[in-house]
Amino acid sequence: MADSNVKVLGTWASPFVMRVRIALHLKSVGYEYVEENLLEAKSELLLKSNPVHKKVPVLIHGDKPVCESLIIVQYIDEVWTSAPSILPSDPYDRAESRFWAAYVNDKFFPALRRVLISTEEARKVAMAEILEGVVLLEEAFKKLSKGKAFFGGDNLGYVDLAVGSLLAWIKVIEKFTETEALSEAKTPSLAAWADCFSSHAAVKDVFPDVDKLVDFGMKLRAKFSKAATAAAATTTN
Amino acid sequence: MASSDGEVKVLGTWSSPFVMRARIALNLKSVHHEFLQERLWEGKSQLLLQSNPVHKKVPVLIHGHHTISESLIIVQYIDEVWSSAPSILPSQPLERATARFWAAYLDDKWFPSMRGIGMAEGEDARRAAIGQVEEGLVLLEEAFGECSKGRPFFGGDRIGYLDIAFGCFLGWLRVTEKMTGVMLLNETNTPRLLKWAHRFCSDDAVKDVMPETEKLAEFAKMIMGRVKGAAPGTGKS
């Protein structure tokens, strides 16, 4: 059911963009996907649709832009109300789902990013935070899934999208640091869930190729190192 | 089905804008609750550490045997549990997304930029920090125009989600104006926000929980003294 009324501005490597696309797939909403090339200049459409942050993802529904991945996912859930629901129905369950999604955005993802772009000392600290974080997420999974396959229960839900969209990047930093973050030994529930998530029909076509992502990650790392060195050079005398 | 039964408590401090959000929301819904003041300078209470083990921060809402953390998540929980009027979030998905967008902007960008004024070292850095805050306020002035559609609040005729998200910062904004001598909200750049601020602070749901500017200013001086005193060698190198 292609809906020419819905556009997603994104990039293949962005976990935030992935969340939006998975949500649309879950709701069987057709959309036009526009790949931004963020290593080059940002498109006119992106700058016009998200003037405040100038970032992807942006959902354009009709002519109205919606920005910020978790806000977009909630919007999708509220507009296309047929099953499956992405957020749970009970207010406390909803609050818990929002809590863990916010944790991923505010704490877990920034630590992931720091592992990728920092120098050795800071990277070690960030990796330690990631290892603590996956233990928390393992506990959260057991609580929220109530014995089922996903954080959302039988179906993918809000927290599945929030965490699952980072799985490929977690693999990238595992390779980079030669450390396992998710494993059957330490995080058995998450390890099993990760396989279910990445092979889910709504996910597999937008799950990035990890080798390609490693290459891209190294490019990002080089870009940030250069910028950091340049900045340091201008502040020392 | 969530019940609105059960004792309601808010763990917080009188000076925290985030705590204020929870209390305003409960007041709007006429929900009787107990306010448990944390004395954070004496160390965090057992109750706080147990109720919010992940972040160990206020506010925490305790409702019966549930604990909910993160101020905006708490506000949405309150709106969904005590679902009779007045509604805190708008009813239309696009308006909800817009309210959430600006609330996230306030937390992720605007309030940190305001805190940045206090931490700026040197006149140039201070002026730059003030400039950032002022730019943000111009964006929020425009957002007010779009959201209020000529009515008194972001939420329309009554205080809503974005009013709460933004209005909680007015005490600290006034302290910043006092300390810098710069009227951040003014007739020239933010005439509508200037009037809105008065309306917000005089609302029945707000006036008893909005701290007095004088008291907050003294508190700010005390913290700054502690922060600067406790960190030797953070002056210019």
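The following paragraphs lead through a predicted model, going from the overall build of its chains A and B to single residues.

Chain A is a convenient place to begin, and its secondary structure consists of nine helices and four strands. Followed along the sequence, the elements of chain A come in the pattern β-α-β-α-β-β-α-α-α-α-α-α-α. The radius of gyration of chain A is 18 Å, and since a compact globule with 237 residues would have a value near 18 Å, the two agree. Taken along the principal axes, the box filled by the C-alpha atoms of chain A is roughly 60 × 50 × 30 Å. Of its 237 residues, 53% count as buried, where buried stands for a relative accessible area under 20%. The contacts of chain A speak about the fold from another side: among those between residues at least 6 apart in sequence, 68% join residues at least 24 apart.

The surface and the charges of chain A can be described in similar terms. Chain A exposes about 11300 Å², and carbon and sulfur atoms supply 54% of that area. There are 29 positive and 31 negative side chains in chain A, and the centres of these two sets lie 4 Å apart.

Chain B can now be read in the same order. Its secondary structure comes to nine helices and four strands, and from the N terminus on these elements run β-α-β-α-β-β-α-α-α-α-α-α-α. Chain B is as compact as a globular protein of its length, because its radius of gyration of 18 Å is close to the 18 Å that the globule rule gives for 237 residues. The C-alpha trace of chain B spans about 60 × 45 × 30 Å along its principal axes, and buried residues make up 49% of the 237 residues. Within the contacts of chain B that have a separation of 6 or more, residues 24 or more positions apart account for 66%. The accessible surface of chain B comes to about 11700 Å², of which 52% belongs to carbon and sulfur atoms, while the mean positions of its 28 positive and 29 negative charges are 3 Å apart.

The UniProt record offers a way of dividing chain B into parts. An unreviewed entry there lists residues 6-86 of chain B as "domain: GST N-terminal", and over this span the model is 36% helix and 21% strand, with the end C-alpha atoms 21 Å apart. For residues 92-219 of chain B, UniProt gives the feature "domain: GST C-terminal", again from an unreviewed entry. That second span is 70% helix and 0% strand in the model, and its end C-alpha atoms lie 40 Å apart.

Some details of the backbone deserve a closer look. Most peptide bonds are trans, and most residues other than glycine have a negative phi. Against that background, the peptide bond from A:Val56 to A:Pro57 is cis, with omega near 0°, and A:Pro57 lies in the loop of chain A between α2, residues 44-49, and β3, residues 58-61. In chain B, the bond from B:Val58 to B:Pro59 is cis with omega near 0°, and B:Pro59 is found in the loop that runs between α2 (46-51) and β3 (60-63) of that chain.

The loop between α2 and β3 of chain B also holds B:Lys56, which has a positive phi of about 55° although it is not a glycine. With a relative accessible area of 38%, B:Lys56 is partly exposed, because that class takes in values between the 20% limit for buried and the 50% limit for exposed residues. A positive phi is found again at B:Glu70, where the angle is near 80° in a residue other than glycine. B:Glu70 is placed in the loop between β4 (66-69) and α3 (71-81) of chain B, and at 25% relative accessibility it counts as partly exposed.

A last stop returns to chain A. Is A:Glu96 buried or exposed? Its relative accessible area is 13%, so A:Glu96 is buried. This residue lies in helix α4, which covers residues 91-117 of chain A, and once its neighbours within four places in sequence are left aside, A:Glu96 is in contact with A:Lys143 and A:Leu144.

Definitions and conventions
Residues are numbered from 1 along each chain as its sequence is written. Chains are lettered from A and ligands numbered from 1 in the order in which they are written. Side-chain values use heavy atoms; hydrogens and water are left out. Helices (H or I, at least four residues) and strands (E, at least two) are DSSP runs, numbered from the N terminus. The radius of gyration is taken over C-alpha atoms; the globule rule is 2.2 Å times the number of residues to the power 0.38. Buried means under 20% relative accessible area, exposed over 50%, partly exposed in between (1.4 Å probe, protein chains only). Contact means heavy atoms within 4.5 Å. Accessible areas come from the Shrake-Rupley method with a 1.4 Å probe; for residues, only the protein chains shown count as cover. Lys and Arg count as positive and Asp and Glu as negative; His and the chain ends are not counted. The place of a charge is taken as NZ of Lys, CZ of Arg, CG of Asp or CD of Glu. UniProt positions are given in the numbering used here, feature names are shortened, and annotations may be inferred rather than shown by experiment.
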